[in-house]
Amino acid sequence: MELLKAILLGLVQGLTEFLPISSSGHLVITSHLLDFQGAGVAFDIFVHFGTLVAVIVVFRKELTAMVKAPFALRRGTLDEETRTYFLWDIYVVVATIPAVFAGLLLKDSIEEIFSSLTLVYAMLALTGVLMLLTRKLPERGVVLNCPRSLVIGCAQAMAILPGLSRSGSTIFAGMALGVDREVTARFSFIMSIPAILGAVVLQMKELIGSTPDQETILCVAGGTIAAMASGYAAIILLLEIVRRNRLVWFGYYCLLVSALGFGSVLLS
């Protein structure tokens, strides 16, 4: 039974990691509803790792070009396209800095933060408002650069709060700065890679120090595979929704879930 719950949570994680409705918030809510005992920080990290694999698969061509760009610079063969990918290497590093500081400063508080359903519902409401505001943000053709990457990175760092969508926050920040929404969405996906890896590294000591039993290993594996598959589908879906500028749909959804959540808290 716990394995089935883990797979369901993995599917939820994969779908909500890239859709702007907060994966962490939905994991907290779903864990409470299912009374899943294995959904701690370790489980959360590994299902995030599953979505990381999905990002790498979808953007494998861009990531390969970004890896090759510094070597092309060293050889002096940097054409315009390669130069763009080299700049994206820099932008991703800059955007990751706020998340590093947030992870280090809040490392000891993450478990406590993730246990508050009230905070989850409040942050879901904020996510909903941000998504509704996207329809008021006209594209201005602004080019992505280091200062704008830093601002988007700060939005990503704030999304450590459960219920505040990482993808929603970063895409909103980019659009508010005037960057093309498709460029912002792709940058949001790619910049998630070092953030997820960083979270794994921060918790590695805790994971190594524990000896999981067979059921726990099966739950983690099942959840990770499910997150990988649903994460891939979510990326493709969101790219299409961003192209059509329909992010407001997620705003209504987040506000509805938040309202239902607060209602259940008041009635309990």
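**Why is it called that? A first visit**

Visitor: Why does Glu182 count as partly exposed?

Guide: Glu182 has a relative accessible area of 31%. Buried means under 20% and exposed means over 50%, so a residue at 31%, such as Glu182, is partly exposed. Please keep in mind that this is a predicted model.

Visitor: And what makes Arg243 partly exposed?

Guide: The reasoning runs along similar lines. Arg243 has a relative accessible area of 36%, so it too falls between the cut-offs of 20% and 50%.

Visitor: How do you know that Glu182 and Arg243 form a salt bridge?

Guide: The closest N and O atoms of Glu182 and Arg243 are 3.4 Å apart. The limit for a salt bridge is 4 Å, so this pair qualifies. The pair links distant parts of the chain, with Glu182 in helix 10 and Arg243 in helix 11 (residues 214-243), 61 residues apart. Salt bridges with shared partners also join Glu182, Glu240 and Arg243 into one network.

Visitor: How many salt bridges does the structure hold?

Guide: There are 6 salt bridges in the structure. One of them joins Glu17 to Arg166, with the closest N and O atoms 3.7 Å apart, so the pair is within the 4 Å limit.

Visitor: What makes the Glu17 and Arg166 pair a tie between parts of the chain?

Guide: Glu17 lies in helix 1 (residues 2-18) and Arg166 in helix 9, so their pair ties together parts that are 149 residues apart in sequence. Both Glu17 and Arg166 are buried.

Visitor: Which salt bridge does Arg181 form?

Guide: Arg181 meets Glu139 at 2.9 Å, N to O. Arg181 is in helix 10 (residues 181-209) and Glu139 in the loop between helix 7 and helix 8 (146-158), 42 residues apart.

Visitor: Are those two partners buried or partly exposed?

Guide: Arg181 has 17% relative accessibility, which is under 20%, so Arg181 is buried. Glu139 is at 39%, between 20% and 50%, so Glu139 is partly exposed.

Visitor: Let's turn to the rings. Why is the pair of Phe59 and Phe189 described as it is?

Guide: The structure holds 4 aromatic pairs. In this one the ring centres of Phe59 and Phe189 are 5.6 Å apart, within the 6.5 Å limit, so the rings pair. Their planes are at 35 degrees, neither under 30 nor over 60, so the pair is tilted. Phe59 is in the loop between helix 3 (41-58) and helix 4 (60-75), while Phe189 is in helix 10, 130 residues apart. Phe18, Phe59 and Phe189 form one aromatic cluster.

Visitor: Why do Phe59 and Phe189 count as buried?

Guide: Phe59 has 0% relative accessibility, and Phe189 has 0% as well. The cut-off for buried is under 20%, so both rings' residues meet it.

Visitor: How do you know how long helix 7 should be?

Guide: Helix 7 (residues 117-133) has 17 residues, and at 1.5 Å a residue its expected span is 24 Å. From first C-alpha to last, helix 7 reaches 25 Å, close to that expectation. Its buried residues, among them Val120, Tyr121 and Met123, pack against helix 2 (23-34), helix 9 (166-176) and helix 12 (248-267).

Conventions: Residues numbered from 1 in each chain as written. Predicted model: local features only at pLDDT ≥ 70, side-chain atom pairs only at ≥ 80, totals over all residues. Heavy atoms only, no water. Helix = DSSP H or I, 4+ residues; strand = E, 2+ residues; numbered from the N terminus. Expected span 1.5 Å × (residues − 1). Buried < 20%, exposed > 50% of the residue type's maximum accessible area, 1.4 Å probe, protein only. Contact = heavy atoms within 4.5 Å. Salt bridge = Lys/Arg side-chain N within 4 Å of Asp/Glu carboxyl O. Phe/Tyr/Trp six-rings, centres within 6.5 Å; stacked < 30°, edge-to-face > 60°.
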